[in-house]
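Reader: I am in my first year of study and should like to look closely at one part of a protein model. Could you please take me through how one helix packs against its surroundings, and then place it in the chain?

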Amino acid sequence: MERRPRIDGHTLLAGVIGWPVAHSRSPLMHNFWLEQRGINGAYVPLPVAPGAFDVAVRGLQAAGFRGVNVTIPHKESAYRIVDRLDRSAQRSGSVNTLVFAPDGRIEGYSTDGDGFVANVEAHGIPVRGGRALLLGAGGAARAIAASLLDRGVDVVVANRTRARADALAAQLAGIAVIDWAGADELLPSCRFVVNTTSIGMEGGADATLPLDLSRADAGLVVCDIVYVPRQTALLRQAAERGLRTVDGLGMLIHQAGLGFEKWFGATPDIGPEVEALLDADLHRAHAG
């Protein structure tokens, strides 16, 4: 691997804004890719307190940053501050990637939905047509639903609070809603099931998913955007039944790669090396 140049006046800068932000794996990924590609760049964590987002973003833009990722609790602020919304952000109703354009404008993108699709397709599973059952109705669900709809997938959403699912369907045309308790009645007709909730996450929601996978078609693909642990209870049950599974770590990597291209002008190697790097880091954090 080529040694990355020291930080100097030509270093390309990007980062991730959040509060807190120390837990983010984005610096690990992006700096690995920068070193791998021999790019004189750096990606840094940027802890920005609530209420200071706009000032911080304008300051980073003035200081020559190429852009930033945005995480909790600033995503709504990011949506408001942009001058140009990419279609991905308009469709998902959220922004997680800011690009500081040469003309002085701030561009807003949402990479979650396309990152999800890219991860599924990297497993050799084409995302075209069929029906998907999405569990959850938050921001990630909307981004994923938009990307699936754009690829001709019939999307049905189930959420523990039916009103949230109905609100999502009102915001994004083409979504159908089904009651949480009856979600598994849809399984025989589904090609994909996607868990976008925190159920199954380490330290996440203490609840169970309303799915009896014995009702699933043999061709069902079961996806979980949770990546800690990588094999959630849902994925384990699916694998035991011989169903194809897709975990959430690849989505994290693919959505990050889309931002890397916009800031640094190069396509990162989204392969086993960066996956192993993240996997090892997650294991160390868990052991600690």
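Author: The account below begins with the model as a whole, turns to one helix and its partners, and ends with a second helix and two peptide bonds.

This is a predicted model, in which local features need pLDDT of at least 70 and side-chain atom pairs count only at pLDDT 80 or more, while totals for chains, interfaces and linings use all residues. Residues are numbered from 1 along each chain as its sequence is written, and side-chain values use heavy atoms, with hydrogens and water left out.

The chain contains ten helices and twelve strands; helices (H or I, at least four residues) and strands (E, at least two) are DSSP runs, numbered from the N terminus. Its radius of gyration is 19 Å, close to the 19 Å that the globule rule gives for 288 residues, so the chain is as compact as a globular protein of that length. That radius is taken over C-alpha atoms, and the globule rule is 2.2 Å times the number of residues to the power 0.38. Along its principal axes, the C-alpha trace spans about 60 × 40 × 35 Å. Of the 288 residues, 51% are buried, where buried means under 20% relative accessible area, exposed over 50%, and partly exposed in between (1.4 Å probe, protein chains only). Among contacts with a separation of 6 or more, 66% involve residues 24 or more positions apart; contact means heavy atoms within 4.5 Å.

The part chosen for a close look is helix H5, residues 112-122. Its buried residues are Asp112, Gly113, Gly115, Phe116, Val117, Asn119 and Val120. These buried residues pack against helix H3 (75-81), helix H6 (139-150), helix H9, and the strands E10 (192-195), E11 (221-224) and E12 (244-246). After H5 comes Gly124, whose phi is positive, near 80°. Most residues other than glycine have a negative phi.

Two of the helix partners deserve attention in turn. Two packed helices are described by the angle between their axes and the distance between the axes. Axes are lines fitted to C-alpha atoms, for helices over the stretch in contact, and angles run from 0 to 180 degrees between N-to-C directions.

H5 and H9 (residues 249-264) pack at about 120°, with their axes 7 Å apart. H5 and H9 are therefore oblique to each other, given that angles under 35 degrees count as roughly parallel, over 145 as roughly antiparallel, 65 to 115 as roughly perpendicular and the rest as oblique. Their crossing is right-handed; a crossing is left-handed if the near helix is turned anticlockwise from the far one by less than a right angle, and right-handed if clockwise. On the H5 side the contact is made by Asp112, Asp114, Gly115, Phe116, Ala118, Asn119 and Ala122, and on the H9 side by Gly250, Met251, His254, Gln255 and Leu258. These residues divide into five nonpolar, five polar and two charged. Here Ala, Val, Leu, Ile, Met, Phe, Trp, Tyr, Cys and Pro count as nonpolar, Asp, Glu, Lys and Arg as charged, and the others, Gly among them, as polar.

With H6, the axis of H5 comes within 7 Å and crosses at roughly 60°. This pair is therefore oblique, and its crossing is right-handed. Asp112, Gly113, Asp114, Phe116 and Val117 of H5 meet Ala143, Ile144, Ser147 and Leu148 of H6. By class, that contact has five nonpolar, two polar and two charged residues.

H9 also receives helix H1, at an angle of about 55° and with the axes 10 Å apart. That makes H1 oblique to H9, and H1 passes H9 in a right-handed crossing. Met29, His30, Trp33 and Leu34 in H1 meet Leu252, Ile253, Ala256, Gly257, Phe260, Trp263 and Phe264 in H9. This contact divides into nine nonpolar, two polar and no charged residues.

His30 lies in H1 (residues 26-37) and is buried, with a relative accessible area of 0%. Not counting residues up to four places away in sequence, His30 touches Tyr43, Asn69, Ala256, Phe260 and Trp263. Ser26, also in H1, is buried with a relative accessible area of 10%. Leaving aside neighbours within four places, Ser26 is in contact with Val16, Tyr43 and Asn69.

Two peptide bonds complete the picture. Most peptide bonds are trans. The bond from Trp19 to Pro20 is cis, with omega near 0°, and Pro20 lies in the loop between strand E1 (12-18) and H1. A cis bond also joins Val228 and Pro229, with omega about 5°; Pro229 is in the loop between E11 and helix H8 (233-240).
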